[in-house]
Amino acid sequence: MSEVTTAAAGQAGDALENLLKENRKFAPSAEFAANAIVHGDEYAKADADRPAFWGEQSRELLSWSKPFTKTLDWSNPPFATWFEDGEINAAYNALDRHVEAGNGDRVAIYFEGEPGDTRTYTYAQLTEEVKKATNAFESLGVIKGDRVAVYLPMIPEAVITLLACARIGAIHSVVFGGYSADALRSRIDDAEAKLVVTADGTFRRGKPSPLKPAVDEALSAPGHSVQNVVVVKRNGEDVNWVEGRDVWWDDSVGTASTEHTAVGHPAEHPLFILYTSGTTGKPKGILHTTGGYLTQTAYTHRAVFDLHPETDVFWCTADVGWVTGHSYVTYAPLINGATQVMYEGTPDSPHQGRFWEIVEKYKVSILYTAPTAIRTFMKWGEDIPAKYDLSSIRLLGSVGEPINPEAWMWYRRVIGADKAPVVDTWWQTETGAIMIAPLPGVTAAKPGSAQVPLPGIAVDVVDELGASVPNGHGGYLVIREPWPAMLRGIWGDNERYQDTYWSRFDGMYFAGDGAKWDEDGDVWLLGRVDDVMNVSGHRLSTTEIESALVSHPSVAEAAVVGAADETTGQSVVAFVILRGSAVEDADIVTTLRNHVGHEIGPIAKPRTILVVPELPKTRSGKIMRRLLKDVAEGRTVGDASTLADNTVMNQIAESLRK
C-alpha cells in the first residue's frame, strides 16, 4: 500500500507541504529496455544545451522545405520564437513524405464508428483526401492566414479538415462538438472565422445526435464573419439549408482534384487556435505555431510511447476538440508514420466492453486514455475486460488529470497484464505537448506520479516567493525555460497572455497547478491551485483526498470539493461512487472518513461523504467540480450544458433526498 502522510502547512498562504510517498516501483523489463526508442543518456544530452537538443530533434523528425539556421530566440520574453527562419508544411510532414518514402500502403487510420461502421485509410488514401479538401477549401476562398472553425465529431473528416487547413496555411479553430451555439458563436467571432466545417450530426449511445442546428443558431444573428459552411453527411438527419452559404462535403471535397503541391510556411506561422474550456467572459484562444509545435509533439509521441511505427497500433481516445486530440491524434502519430485507431463513440455503447472489443479487433499496442475512464472501468468490474484478448497491449498512457495510485495499479494489472509500462503524462493546452512523464524504457514507474520532466524541459516546484522547494515539499508548478511547443500567446490579446501565465512569478511560466517533489525527486501533480482547500489554515489537495478514497476497496471513483464553512473556512465534501461489489450501508461513510484520516491525517477527513450513482463529467471525461461545489454549498446548480449526461445532477439530487 502507498503511505500517505500530511504535515501541516501552517498559515493559509504557505506552500503545500503534504508529504506523499509511494513505495511501489516498476522498472521496465530487460527486454523492453533493450528495445526502447529512447535511453537514459537523453537527459544529459538535453541538459547540456536544450535549444541544441531541440534543434537536433527537429532536423531528425521533420522535413523542412527551407532548413532553419536559428533555433531559439528568447530576447523578448515571454515571447519566444523557435526555428523562425525555417519553412515547413505540417500536412506534407504528416502525409506526402511517407508516401514518397514508399509507405503509402501503411494504414494511417482505422476508423470505428459508434454504430459499428468502419473505414480504413492508408497514408496514400489519406493524402489524396487531404489534397481534395485543400482544393475544395481554396475554391471557397480560404487562403493562408484565414481562420476556419471546425465543429465535428470524431470522424476522419475532422483530421482531414485540420490537415487541409495546415496545408493551406489557414488557421484551424476546433470547437468541441458538445459546446452550445453560444459558445460556438463566441469562438467564431473571436477568431473571425471565414469557414465553418461541421456535420449533420453524430451518434451518441446508439441514437442520432444533431450538430448542424447549433451552427445554424450560432450564425442566425447578423454580424458574423462566416462565408460558407461545409457539412459532412454523417447520421442522415434532416437539416436546414441556407442556399449560397451551405455546401455538402461530398459536393465540394468529394468532387475536388487530388492534385495539390504543398508549400512551406514560416516556422512561426500560426497553426491553430484552441479555446480553453470553462472560461467565463471573452474566450481565451490559445495560439500555437507550426515548427516548434510539430517538433515537440513528434518527439514526445515517439519517446513517451516508445513508438515503433512499423509494428505499433496507437489509440489515443481523446476527442479532436481537445488539445490531446490535436497533438496525439491529428499531428504526432501521422508525422511519425504510425498506424492509429479513431473511435467516434463512448466506452459504454453498445456495451461496457466496447473499448476492449476495439483493442482486440485492431490489436492496439499503445493505449492513451484518461483517469476518469480508467476509474469507470474499475467500477464496472474486471470481468468485462477479461472477456477480450488484450495481449497486444505493450504500453499504457494516462492523460487529463492526476491519476490515483489505485487506478494506476488497476490499469497496469488488469489492462496491461502486469507487464505493460504505464506512462502518466502531464501537460496542458498551453504547453502543446507532454512536459512531464516517465520514459518507459528508462524510468522505474511509480503509481500516481508523473515523475520527471522530459529531456529538454525545465520544470520546477516553487514556493510563494518563487524559490525552489526541496524534495519532500510542495508548492507551485512552473516552467523555467521556453520549450518548442509553448503557446505563442492568446489570440488577439498579448497583455492577457502575460498577465495570465507570466505575472505570478518573475521570468517563469506558472502552470496554475500545485505540485510536490517527493523524497526521490519525482513530481506529484495536485491539480489546479483553485482545487486546493484551506481547512483551518491547512492547505489540502482535492487530488490527494480523492486518491485516499479511491485506495479503499469499496470505492470506484471519488470527487472532492471544498465547501464554505463558518468555523473552518472550508470543509471537505466528498462524492463517491461505490464499486459494484460494495454494500452501501450506514457504516460506509464512517469507514471512508476514518480511512482518509488514516491515509492522510485527521484534518483531511471529509465533513460529508455522499454516495452517488454517477459524477458530472464533460464528454472529454473532466469532472465538473463546480457543479458539485454548488451542491455542497446548497446553491442552485449552475450551467450543466457541457455534461455528457445531463441527467447526472438529477441523479445526485435524488440520492441526496434519499
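Pro405, Glu406, Ala407, Trp408, Met409, Trp410, Tyr411, Arg412, Val414 and Ile415 are the buried residues of helix α14. In this predicted model, α14 spans residues 405-415 and is mostly covered, with ten of its eleven residues buried. Just after the helix, Ala417 takes a positive phi of about 55°.

Attention may now pass to a pocket. The second largest pocket holds about 350 Å³ of space. Its lining is formed by 23 residues, and those nearest the centre are Ser29, Phe32, Arg394, Lys419 and Pro421. Two elements, α1 (30-35) and β22 (422-424), each contribute at least two residues to this lining. The greatest contribution comes from α1, which gives three residues. By residue class, the lining of the second largest pocket comprises 13 nonpolar, four polar and six charged residues.

The backbone also deserves examination at several loops. Between β3 (72-76) and β4 (79-82) lies the loop that contains Pro78, and the peptide bond leading from Pro77 to Pro78 is cis, with omega near 10°. A second cis peptide bond joins Ser349 to Pro350, with omega near 5°; Pro350 is placed in the loop between β19 (339-343) and α12 (354-362).

Two further loop residues have a positive phi although neither is glycine. Phe83, in the loop between β4 and β5 (87-88), has a phi near 60°. Is Phe83 buried or exposed? Phe83 counts as buried because its relative accessibility is 0%, and the cut-off for burial is under 20%. Glu192 has a phi near 55° and is found in the loop between α7 (181-191) and β10 (195-199).

Methods. Residues numbered from 1 in each chain as written. Predicted model: local features only at pLDDT ≥ 70, side-chain atom pairs only at ≥ 80, totals over all residues. Heavy atoms only, no water. 1 Å grid on protein atoms, 1.4 Å probe; cavity = no way out; pocket = protein on both sides within 12 Å on 5 of 7 lines; lining within 4 Å. Points joined across faces, edges and corners; volume = space filled by probe spheres on them. Helix = DSSP H or I, 4+ residues; strand = E, 2+ residues; numbered from the N terminus. Nonpolar A, V, L, I, M, F, W, Y, C, P; charged D, E, K, R; others polar. Buried < 20%, exposed > 50% of the residue type's maximum accessible area, 1.4 Å probe, protein only.
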